[in-house]
Amino acid sequence: MLFPDFRQVSPLFVVLIALSTTSPSRADLVTIQNAGFEDITGQTVSNEFTLGTPVGWSLYDPNGVTSVAGTFTGTLFPNGTDFFNTTAPEGNRVSILFNRGAQGSGAYGYEQTLAATLQANTDYSLSVEVGNIQSGTSESGEFFNLDDFPGYRVELLAGGVVIAQDNNSLIITEGTFATSTVNFSVGAVHAQLGQTLGIRLLNLNVPPTPSGPDLEVDFDNVTLDATGVPEPASLWLMSLGGIGMIVTLRRRRRMQPRSADQHNLIASAKHLDG
Ligand code: CA
């Protein structure tokens, strides 16, 4: 194997080459449509609620839950008193997945396919606010029993395949939101590289008690960060640059002229010898 002559290679040049072949190290926000559920275009407004599938999202409903009477999708404008102890984590509205009519019949929710694709050597971080709605009375005067929680799942997909998820790991207090985070690191190789990314937000629809309360999960403020990490080849080049710098510094130190005191000492020694 041939090793480069470090004396001939500018360390700065090597570091610059390494940096130029390294993926960006800053976190890039991946574009998600209507990530905060503020766009209610095309929805039916009903007091603090809107009804319909939120703009930019589609239904993921393999068991037909949302076709049953008594299930509603849409948004809610939390006022900080009814249903939630706070207002929306982002903007004014949160998405809702309300179910009175098809409890226990399978997970369902929203999904969105993104324009971005799965990239090699990248760390992904998907973050979503998940809400455990509490019982309350709506502006229309109707009381909703929303005790307990049917469970949630947040999924990150590539090419339609789930590659990472948070499967109901948070314990969320009634009337509050909690942040679900899904972290996923992609190395040089992955079966779904180059395939479109996707996000699913699911109500697990598991009844906590028989003939119990209505089942609802709410979501808000979906974000996806993608951070490029240096490829192994770039790391090798950067370490080469570091070695080169050390070699150069040592050479320069060795070639530095002697001080006046050192010259005098040497002259004195020669004089004594003579
Ligand atoms: Ca919002």
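The chain of this predicted model comprises three helices and 15 strands. Begin with the whole chain in view: of its 274 residues, 30% are buried. Among contacts with a separation of 6 or more, 78% join residues 24 or more positions apart.

**Colour by confidence**

Next, colour the chain by pLDDT. The average is 85, and 74% of the residues score at least 70. Select residues 11-24, where pLDDT stays under 50; the model nevertheless has 25 contacts beyond four places in sequence for this stretch. Then select residues 265-274, where the pLDDT is also below 50. This second stretch has zero contacts in the model beyond near neighbours in sequence. Where pLDDT is low, the predicted coordinates should not be read in detail.

**The five-stranded sheet**

Now select β4, β7, β14, β11 and β12. These strands form an open sheet in the order β4-β7-β14-β11-β12, and their pairing is antiparallel. At the edges are β4 (58-60) and β12 (161-166), each of which pairs on one side only. On average, neighbouring strands of the sheet are turned by 30 degrees against each other, with direction ignored.

Within the sheet, restrict the selection to β7 (residues 108-117) and β14 (residues 196-203). Seven bridges link the two strands in the antiparallel sense. To locate one of the bridges, display G109 together with L202, its partner in β14.

**The hairpin of β11 and β12**

Move to β11 (residues 152-158), which pairs with β12 over five bridges, again in the antiparallel sense. Display V154 and D166: the latter is the bridge partner of V154 in β12. Then select G159. The hairpin of β11 and β12 has two residues between the strands, and G159 takes a positive phi near 60 degrees there.

**Q119 and its surroundings**

Finally, return to the end of β7 and follow the chain into the loop between β7 and β8 (122-132), where Q119 has its place. Is Q119 buried, exposed or partly exposed? Q119 has 17 C-beta neighbours inside 10 Å and therefore counts as partly exposed; the buried class requires 20 or more, and the exposed class 12 or fewer.

Which residues does Q119 touch, leaving aside those up to four places away in sequence? Display V186 and A226, for these are the residues that Q119 touches. Add L193 to the view as well: its C-alpha atom and that of Q119 are separated by 5.9 Å, although the two residues stand 74 residues apart along the chain.

Definitions and conventions:
Residues are numbered from 1 along each chain as its sequence is written. This is a predicted model: local features need pLDDT of at least 70, side-chain atom pairs count only at pLDDT 80 or more; totals for chains, interfaces and linings use all residues. Two strands pair if DSSP finds at least two bridges between them. Helices (H or I, at least four residues) and strands (E, at least two) are DSSP runs, numbered from the N terminus. Axes are lines fitted to C-alpha atoms, for helices over the stretch in contact, and angles run from 0 to 180 degrees between N-to-C directions. Two residues are in contact if their C-beta atoms, placed from the backbone, lie within 7 Å. pLDDT is the predictor's confidence in each residue, from 0 to 100.
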